[in-house]
Amino acid sequence: MVTPLFFLFAGLSIACAISLVYHKNPLYSAISLVGVFISLACIYITLAAPFIAAVQVLVYAGAIMVLVLFVIMLLNLDEDKPLTQLRYLYAVGAVFGVTLLAQTFFIFYAVSKTPNTSIPNTESGLTMSIGKAMYTEYLLPVEIVGIMLLMAIVGSVIMSRHLSQTQIELVKAKEDFEAFQERNDY
Amino acid sequence: MEPNLATYLGLSGILFTIGAVGVIYKRNAIGMFMCIELMLNAVNLTFVAFARHYGDVTGQLFVFMVMAVAACEAAIGLGIFISFFRNKISVDVDDASILKN
């Protein structure tokens, strides 16, 4: 039952990934990426990880891709131009891709030759066991991730804030005034 | 052929390769960003496959952390693209050359 589903979604994810790289229009690329995310979520279900599958659909296919699509439509981008400078990147990319593919086949061969030592455990993917591990053994990393998310919120607000010329002059005038006050205090 | 650890690792390696080649070929910053997301997803698949293979929940927790990092990356990266677009009216990485010379 799992086998045909796995190969269906594996083929779908590879096809969507190739279409992501192939299309010049970023909008088509984004839609292909959503296809990759959804088929990977289905593969996670065949791996007995329903929680990760749900989070994949919610966070990746939902939140992140909506953000990316918003930015693509907001900026109204042109089609991707072919390389004009740095033409040698085509050769670099081809060599890099062939090397990585060779490594992939080597790993596939090596892992399939090793004796099977898997420990079957149907409990491992349940949400409760993930939550237990998250809030006992891995509490510190979860806290660090929380702080990192807060920093990302503040950083993105500061990054995309746009001050007009009059606002910049106001900020400068205020700084000058404060420096003047400090000098008078001495 | 029953899918085992080797098949999952092979799929993950193929997706990672496509993402890495895409990062090199794309000239569009948002396209590069999406290829990086594809590479992160390939690594996530490896984590989940190993978690299944060893019956341990730690791999799935790491997937969670990677997703949080990807969300932060999306927020900050797209903020950078917007402020870059304001200055250059494009998100082509070839135009990001003011630090040259």
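**Figure 1. No salt bridges join chain A and chain B.** The rule finds 0 salt bridges across the interface of chain A and chain B. A salt bridge here needs a side-chain nitrogen of Lys or Arg within 4 Å of a carboxyl oxygen of Asp or Glu. This is a predicted model: local features need pLDDT of at least 70, side-chain atom pairs count only at pLDDT 80 or more, and totals for chains, interfaces and linings use all residues. Residues are numbered from 1 along each chain as its sequence is written, chains are lettered from A and ligands numbered from 1 in the order in which they are written, and side-chain values use heavy atoms, leaving out hydrogens and water. Polar contacts do cross the interface: 7 residue pairs, both members at pLDDT 80 or more. Such a contact is a pair of N or O atoms within 3.5 Å; within protein, one must be able to donate a hydrogen and the other to accept it, and residues adjacent in sequence count only if both atoms are side-chain atoms.

**Figure 2. The interface of chain A and chain B.** In chain A, 83 residues contact 68 residues of chain B (heavy atoms within 4.5 Å). About 6800 Å² is buried between the two chains, 77% of it from carbon and sulfur atoms. Buried area is the accessible area (1.4 Å probe) lost on putting two parts together, summed over both. A:Leu47, A:Tyr60 and A:Leu75 supply 9% of the area that chain A buries against chain B, more than any other three residues.

**Figure 3. A stacked pair links A:Phe51 and B:Phe64.** Their ring centres lie 5.9 Å apart and their planes meet at 25°, so the pair is stacked. Rings of Phe, Tyr and Trp (its six-membered ring) pair if their centres lie within 6.5 Å; planes under 30 degrees apart are stacked, over 60 edge-to-face, the rest tilted. A:Phe51 sits in helix α3 of chain A, B:Phe64 in helix α3 (residues 58-88) of chain B. Helices are DSSP runs (H or I, at least four residues), numbered from the N terminus. B:Phe64 is partly exposed, at 28% relative accessible area. Buried means under 20%, exposed over 50%, partly exposed in between (1.4 Å probe, protein chains only).

**Figure 4. An edge-to-face pair links A:Tyr90 and B:Tyr25.** The ring centres are 5.4 Å apart, with planes at 65°. The pair runs from helix α4 of chain A to helix α1 (residues 5-25) of chain B. A:Tyr90 is partly exposed, at 34%. B:Tyr25 is partly exposed too, at 29%.

**Figure 5. A:Phe6, A:Phe7 and B:Tyr8 form one aromatic cluster.** Over all chains, the count comes to 8 aromatic pairs.

Terms used: Helices (H or I, at least four residues) and strands (E, at least two) are DSSP runs, numbered from the N terminus.
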